[in-house]
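Reader: Could you pick one part of this model and take me through it slowly? I'd like to know what it packs against and how.

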Amino acid sequence: MTVYVLNGPNLNLLGAREPEIYGRATLEDIKNALEAHAARAGTVIEFRQSNHEGVLVDWVQEAGAKAKGLIINPGAYTHTSIALHDALKAVSTPKIELHLSNVHAREAFRRSSMVSPAVTAVICGLGAAGYLTALDALLRLIDKKPFP
Ligand code: DQA
């Protein structure tokens, strides 16, 4: 079973879009690094991006049916989308909300998330490396690994 990694609006512009906030890595760079990281961990990822809310909702539903876990960077839909909240609520596998930037240290509107109440955990502020951290954390959740 795969892990779904879903990316929302404008994340296709990574590398060129506000690099001082989001870094210089492109989404393709992140996908390649994450695929290699997943392979080392013995798992496979399904990595996707869409600028469309309904498409993301469809993919969250698909992940709920097909994946062992889900990582989602919902982009700006984080702050607005009840539809993504509802879709994520219906997913029973571990699920992580991820942001490249520290959304709490930016504009006030980024401090509220429709998605956070519907996921297992939230990771933000680690840049592109956050994707690798999120996968490690998700696999721990999936395997129900005890601490430490
Ligand atoms: C983002 C943070 C969101 O507030 C913003 O709308 C994005 C990217 C991040 O990864 O830091 O598009 O999700």
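Author: First, a bit of vocabulary: a crossing is right-handed if the near helix is turned clockwise from the far one by less than a right angle, and left-handed if anticlockwise. This is a predicted model, so local features need pLDDT of at least 70 and side-chain atom pairs 80 or more, while totals for chains, interfaces and linings use all residues. Numbering runs from 1 along each chain as its sequence is written, and side-chain values use heavy atoms, leaving out hydrogens and water.

Let's go with H5, a helix (a DSSP run of H or I, at least four residues; strands are E, at least two). H5 covers residues 129-143 and spans 22 Å between its end C-alphas, close to the 21 Å expected (1.5 Å times one less than its number of residues). Right after H5, lysine 144 has a positive phi of about 50°.

Gly130, Tyr131, Ala134, Leu135, Leu138 and Leu139 of H5 are buried (under 20% relative accessible area, 1.4 Å probe, protein chains only; exposed is over 50%, partly exposed in between). Their cover includes helix H2 (27-40) and strands S1, S2, S3, S4 and S5.

Now for H2: it passes H5 in a right-handed crossing. Their axes (lines fitted to C-alpha atoms over the stretch in contact) lie 9 Å apart at about 30°, so H2 and H5 are roughly parallel (under 35 degrees between N-to-C directions, on a 0 to 180 scale). On the H2 side, Ile30, Ala33, Leu34, His37 and Ala38 meet Tyr131, Leu132, Leu135 and Asp136 of H5 (heavy atoms within 4.5 Å).

Technical notes. Angles under 35 degrees count as roughly parallel, over 145 as roughly antiparallel, 65 to 115 as roughly perpendicular and the rest as oblique.
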